[in-house]
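Q: I'd like a close look at a single part of this one, with the rest of the chain as context. Could you walk me through it?

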Amino acid sequence: MIWLLTRSIVWPVKAAGYGVAAGYKTGRLFGYRRVTVFLLGVAIGLLLAPVPGRELRAMLKERLLPTPPIPLPPVRDQEQVDLTLRA
């Protein structure tokens with residue numbers, strides 16, 4: 001029962017620990033200088049972006065997500081065809 005009281009503290013601490021471990025492993029793999037220069041480049045790119053964030057997100061959403069299909073107009077009663085097999 002004690003885990004019900006402590007899970008709101010333990011889970012964020014565990015998640016932070018996993019994040020620190022992932023950061024450490026990434027630093028060991030790529031090197032801190034490369035990671036820092038990459039993040040600095042991303043920050044400068046965001047600062048110098050030619051359009052505001054709202055417009056950029058809309059443009060990316062338009063390019064990356066497929067457009068929904070065009071809905072078909074409703075069929076009138078006279079145009080419906082009965083395809084049931086009646087004997």
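In which helix does V10 lie, and what is going on around that residue?

A: Sure, with the reminder that this is a predicted model. V10 sits in helix α1, the stretch covering residues 2-30. As for its surroundings, V10 helps make a nonpolar patch on the surface, together with I9, W11 and V13. That patch amounts to about 430 Å².

How open is V10 itself? Its relative accessibility is 36%, so V10 counts as partly exposed. The cut-offs explain the label: buried means under 20% and exposed means over 50%, with partly exposed in between.

Now zoom out to the fold. The chain has 3 helices and 0 strands, and going along the sequence you read α-α-α.

Take α2 next, which runs over residues 32-47. This helix has 16 residues, and from its first C-alpha to its last it reaches 22 Å, close to the 22 Å you'd expect at 1.5 Å a residue. None of that length is tucked away: the number of buried residues in α2 is 0, so the helix lies largely in the open.

Then there's α3, residues 53-64. With 12 residues at 1.5 Å each step, α3 should span 16 Å, and its end C-alpha atoms are indeed 16 Å apart, so the two figures agree. Cover is scarce here too, as 0 of the 12 residues in α3 are buried.

The whole-chain numbers fit into that picture. Out of 87 residues, just 1% count as buried. The accessible surface adds up to about 9,100 Å², and carbon and sulfur atoms account for 69% of that.

How far does the predictor back all this? The mean pLDDT over the chain is 81, and 87% of the residues score at least 70. By helix, confidence is highest in α2, at a mean of 86, and lowest in α3, at 82.

So, back to where you started: V10 is a partly exposed residue in helix α1, and it shares a nonpolar surface patch with I9, W11 and V13.

Definitions and conventions: Residues numbered from 1 in each chain as written. Predicted model: local features only at pLDDT ≥ 70, side-chain atom pairs only at ≥ 80, totals over all residues. Heavy atoms only, no water. Patch = residues over 30% accessible without salt bridge, like charges linked within 9 Å, V, L, I, M, F, W, Y side chains within 5 Å. Areas by Shrake-Rupley, 256 points an atom, 1.4 Å probe, with all protein chains shown as cover. Salt bridge = Lys/Arg side-chain N within 4 Å of Asp/Glu carboxyl O. Helix = DSSP H or I, 4+ residues; strand = E, 2+ residues; numbered from the N terminus. Buried < 20%, exposed > 50% of the residue type's maximum accessible area, 1.4 Å probe, protein only. Expected span 1.5 Å × (residues − 1). pLDDT = per-residue confidence, 0-100.
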